[in-house]
Amino acid sequence: MPKGTFNVLPGDLEAGAGLAEHLGAAKVTLIGSVSAGRAVMRSASATGKPVLLELGGKNALIAYPDSDPKKIADAIVARMNFGWCGQSCGSISRAFLYEDIHDEVISYLAESVERYKPGVPTDPETTIGTIVSRAQFDRVMGFIDSAKSEGARAVTGGYAVTDSPLAKGSFIAPTIFADVTPQMRIAREEIFGPVLAVRKWSDEDSMLNEVNALELGLPCAIWTRDLVMAHRTAARVEAGFVWVNEVGRHFLGAPFGGVKQSGIGREVGIGELISFTHEKNVHINLSGQ
């Protein structure tokens with residue numbers, strides 16, 4: 001590429017703030033936390049530049065009674081992104097299961113998650129590595145401890161892995177909690193770790209109110225064989241990207257982004273390219289007068 005087309009500027013808060021405030025930067029984009037997004041917006045406001053933000057997510061999967069419990073369990077585990085230790089803003093970290101299929105899905109979840117075994121990241125057999133830092137490890141373990149103290153039931157995991165040769169690392173077993181209530185921290189806050197919160201529901205309106213109660217709205221997954229129900233639910237959930245009977249699929253040109261505190265703008269689609277341009281109106285009088 002031509003010199004200056006792509007540049008890397010390593011740094012921390014000062015580097016980010018300096019870039020966001022600089023007159024030479026016409027637009028700033030960020031994939032990060034809600035707090036980081038707000039900081040970038042504050043810095044960018046100094047020069048009035050636009051921002052494109054993809055921020056946090058506490059994403060829900062909604063399973064209706066006519067959906068297949070085994071497929072739901074596999075989808076939840078796959079999109080929880082346990083292979084990345086759950087360190088993804090797009091992870092499905094809340095599962096809302098209809099009461100008639102709840103117990104069956106839970107049993108399949110315990111089976112499906114068994115293929116994720118923490119191990120040394122350089123070992124090709126490893127399916128889940130380490131948390132990104134010790135500080136984040138302590139934060140995730142704090143969520144796990146709070147879930148236990150608040151009455152959630154650990155279906156699997158819920159502990160740090162300290163077996164040799166992992167004893168000195170920041171490894172956490174894939175964790176699934178059932179009997180979660182809306183007041184618990186693991187039901188309300190983005191953990192950014194391998195922790196899934198499962199809720200049982202029976203009343204659709206109450207369930208959707210709970211799904212939408214948070215200030216985050218990135219993706220959402222809906223599982224049902226009823227097309228009318230799928231469209232109705234997709235319209236009601238406050239999310240920027242919705243899967244129906246699917247999780248994790250992205251297509252080139254299909255815009256991705258969030259609502260509420262999960263971001264501003266859309267990525268991947270043609271709209272992202274257009275957002276990096278300026279619309280200009282040119283009026284020409286050809287009469288000579």
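## The seven-stranded sheet

In this predicted model, seven strands make up an open sheet with mixed pairing, and their order is β5-β6-β7-β4-β3-β9-β10. The edges are formed by β5 (153–156) and β10 (241–244), each of which pairs on one side only. If direction is ignored, neighbouring strands of this sheet are turned by 25° against each other on average.

At one edge, β5 pairs with β6 (residues 175–178) in the antiparallel sense, and three bridges connect the two strands. Within this pair, A154 is placed opposite F177 of β6.

## Helices on the seven-stranded sheet

Helix α3, residues 69–79, packs on the sheet that has β5 and β10 as its edge strands. Its contacts are with β3 (59–63), β4 (92–98), β7 (195–201), β9 (219–223) and β10. The direction of α3 makes about 165° with that of β4.

Helix α4 covers residues 99–112 and lies across β3, β4, β5, β6 and β7. Relative to β7, α4 runs at about 160°. Both helices therefore have β3, β4 and β7 among the strands listed for them, given that contact means heavy atoms within 4.5 Å.

## The three-stranded sheet

An open sheet of three strands has the order β1-β2-β12, again with mixed pairing. Its edge strands are β1 and β12 (263–264), each pairing on one side only. Helix α2 packs on this sheet and touches β1, β2 and β12. The direction of α2 makes about 175° with that of β2.

Strands β1 and β2 (residues 51–54) run parallel and are joined by four bridges. In this pairing V28 stands across from V51 in β2.

## The largest pocket

How much space lies in the largest pocket? The value is about 290 Å³. The pocket is lined by 13 residues, and those closest to its centre are L13, G16, A17, L30 and V40. By class, the lining consists of nine nonpolar, three polar and one charged residues.

Which elements each supply at least two residues of this lining? They are α1 (13–21), β1 (28–31) and α2 (34–44). The most comes from α1, which gives five residues. Two of these elements also belong to the description of the three-stranded sheet: β1 is one of its edge strands, and α2 packs on it.

## Backbone exceptions

Most residues other than glycine have a negative phi, and most peptide bonds are trans. Two places in the model depart from this pattern.

The peptide bond from S164 to P165 is cis, and its omega is near 10°. P165 sits in the loop between β5 and β6, the two strands that pair in the antiparallel sense. F192, although not a glycine, has a positive phi of about 60°. This residue is in the loop between α6 (185–188) and β7.

## The annotated span

The UniProt record lists residues 1–282 as "domain: Aldehyde dehydrogenase", in an unreviewed entry. In the model, the end C-alpha atoms of residues 1–282 are 32 Å apart. Helix accounts for 32% of this span and strand for 18%.

Definitions and conventions. Residues numbered from 1 in each chain as written. Predicted model: local features only at pLDDT ≥ 70, side-chain atom pairs only at ≥ 80, totals over all residues. Heavy atoms only, no water. 1 Å grid on protein atoms, 1.4 Å probe; cavity = no way out; pocket = protein on both sides within 12 Å on 5 of 7 lines; lining within 4 Å. Points joined across faces, edges and corners; volume = space filled by probe spheres on them. Nonpolar A, V, L, I, M, F, W, Y, C, P; charged D, E, K, R; others polar. UniProt positions renumbered as here; feature names shortened; annotations may be inferred. Pairing = 2+ DSSP bridges. Axes fitted to C-alpha atoms, helices over the stretch in contact; angles between N-to-C directions.
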